[in-house]
Amino acid sequence: MNKIIKIAFSIVILLTVESCSKVPLSGRRQINLLPESEISNMATSEYRTFLSSNKVVAISGNKDAEMVQRVGAKIATAVTKFMTEHGQKAALKNYKWEFNLVQNNEVNAWCMPGGKVVFYTGILPFTQDENGIATVMGHEVAHAIAKHGNERMSQGLLTQLGGVALTVALSEKSNETRSIFNTAYNLGAQYGAILPFSRIHELEADKMGLHFMAMAGYDPNNAVAFWERMKQSGGQKPPTFMSTHPSDDQRIAQIKANLPEALKNYKKPN
């Protein structure tokens with residue numbers, strides 16, 4: 001091992017140690033190399049571009065858009081309260097929550113870093129009511145709170161760059177960083193949504209989402225009904241090992257297993 005390789009290896013190890021953190025609620029350790037402020041700025045720019053080129057449903061006079069906004073605000077408030085009570089309020093300093101309903105038949109919803117949320121009208125027949133919206137909203141918000149985007153981008157940086165090149169990308173905010181962001185958050189015409197997260201991230205977001213919807217006053221038992229409806233929607237799906245998403249049966253089983261703990265945070269509204 002020559003001197004340059006040793007230096008590069010040492011830098012990677014140092015960055016890994018200094019950037020190691022724990023995901024709220026789940027306690028899983030992760031590596032986030034990029035400043036959240038930088039990712040949030042890029043996310044906001046991408047979010048604005050997406051909204052400008054898609055049909056956003058006006059909130060005024062539209063009960064569905066109002067519902068998405070209302071549920072989002074309640075969950076954001078609950079999350080802020082939770083993070084504050086657990087001494088993690090500083091982790092939300094770059095969050096400026098936005099919740100928009102977009103006219104699109106695709107069954108999807110997503111949340112970018114900094115709390116930029118989009119629901120597609122195509123998912124509304126499956127959510128059906130506020131409880132269904134809260135199930136999806138809690139899940140998507142969890143992706144942002146768990147900083148899954150930063151983790152995915154960090155993994156991309158470590159894979160594509162090495163040692164000294166990595167420190168340059170981080171310190172100079174070079175084109176490599178932007179390229180990794182575009183790879184992690186591809187809102188192009190082919191997908192029209194954020195690329196899928198890993199199975200680990202999805203199941204983690206499911207678990208955290210149950211807690212968040214419960215904290216916001218929504219019964220997490222309703223999450224099972226939502227995913228049962230998704231399962232019954234039909235269409236042949238790939239086996240779990242071939243997909244970045246867990247199978248419906250695996251997801252539902254994990255949600256049921258996590259319900260008792262999540263219900264401790266649920267207080268039925270008066």
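The accessible surface of the protein chain comes to about 13300 Å², and carbon and sulfur atoms hold 54% of that. This is a predicted model, so please hear every number as computed from it. The protein chain has 270 residues, and 47% of them count as buried. In secondary structure there are eleven helices and five strands. If we take the contacts with a separation of 6 or more, 70% of them join residues 24 or more positions apart.

I will start with the sheet. Three strands form an open sheet, in the order 3-5-4, with mixed pairing. The edges are strand 3, residues 98-102, and strand 4, residues 109-112; each has a single partner strand, so one side of each has no neighbour in the sheet. From one strand to the next the twist averages 15°.

Now the two pairings. Strand 3 pairs with strand 5 in the parallel sense, over five bridges. Strand 4 pairs with strand 5, residues 116-120, in the antiparallel sense, over four bridges. Which residue of strand 5 is the bridge partner of Leu101? That is Phe119. On the strand 4 side, Ala109 also stands opposite Phe119, and Cys111 stands opposite Val117. Strand 4 and strand 5 make a hairpin with three residues between them, and in the turn Gly114 has a positive phi of about 85°.

Next, burial in the edge strands. In a regular strand, side chains alternate between the two faces of the sheet. For strand 3, one side carries Glu98, Asn100 and Val102, the other carries Phe99 and Leu101, and all of these are buried. That is five of five residues in strand 3. Strand 4 is likewise covered on both faces, with Ala109 and Cys111 buried on one side and Trp110 and Met112 buried on the other.

What lies on the sheet? Helix 2, residues 36-52, lies across strand 3, strand 4 and strand 5, and runs at about 30° to strand 5. Helix 3, residues 63-85, packs on the sheet too, touching strand 3 and strand 5, with its direction at about 155° to that of strand 3.

One residue from helix 2 before I move on. Ser52 is found in that helix. Is Ser52 buried or exposed? Its relative accessibility is 63%, and the cut-off for exposed is over 50%, so Ser52 counts as exposed. A polar atom of the Ser52 side chain lies 2.7 Å from the backbone oxygen of Thr49.

Helix 3 has 23 residues, which at 1.5 Å a residue should span 33 Å; the end C-alpha atoms are 33 Å apart, so the two agree. At the start of helix 3, a side-chain oxygen of Asn62 comes to within 3.1 Å of the backbone nitrogen of Asp64. Just after the helix, Gly87 takes a positive phi of about 70°. The buried residues of helix 3 include Val68, Val71, Ile75, Val79 and Phe82. What covers the buried residues of this helix? The cover includes strand 3, strand 5, helix 5 and helix 9, residues 199-215.

That brings me to helix 5, residues 130-145. Helix 5 has 16 residues and reaches 21 Å from its first C-alpha to its last, close to the 22 Å expected at 1.5 Å a residue. Of those 16 residues 14 are buried, so helix 5 is largely enclosed by the rest of the structure. The start of helix 5 has a side-chain oxygen of Asp129 within 3.1 Å of the backbone nitrogen of Asn131. Just after the helix, Lys147 takes a positive phi of about 55°.

The last residue on my list is His139, in helix 5. Its relative accessibility is 6%, and buried means under 20%, so His139 counts as buried. Which side chain makes a polar contact with the side chain of His139? It is that of Asp206, at 2.7 Å. Leaving aside neighbours within four places in sequence, His139 is in contact with Glu202, Ala205, Asp206, Gly209 and Arg251.

To recap, the sheet runs 3-5-4 with mixed pairing, helix 2 lies across its three strands, and helix 3 packs on it at strand 3 and strand 5. Helix 5 is part of what covers helix 3.

Definitions and conventions:
Residues are numbered from 1 along each chain as its sequence is written. This is a predicted model: local features need pLDDT of at least 70, side-chain atom pairs count only at pLDDT 80 or more; totals for chains, interfaces and linings use all residues. Side-chain values use heavy atoms; hydrogens and water are left out. Two strands pair if DSSP finds at least two bridges between them. Helices (H or I, at least four residues) and strands (E, at least two) are DSSP runs, numbered from the N terminus. Axes are lines fitted to C-alpha atoms, for helices over the stretch in contact, and angles run from 0 to 180 degrees between N-to-C directions. Contact means heavy atoms within 4.5 Å. The expected span of a helix is 1.5 Å times one less than its number of residues. Buried means under 20% relative accessible area, exposed over 50%, partly exposed in between (1.4 Å probe, protein chains only). A polar contact is a pair of N or O atoms within 3.5 Å; within protein, one must be able to donate a hydrogen and the other to accept it, and residues adjacent in sequence count only if both atoms are side-chain atoms. Accessible areas come from the Shrake-Rupley method with a 1.4 Å probe; for residues, only the protein chains shown count as cover.
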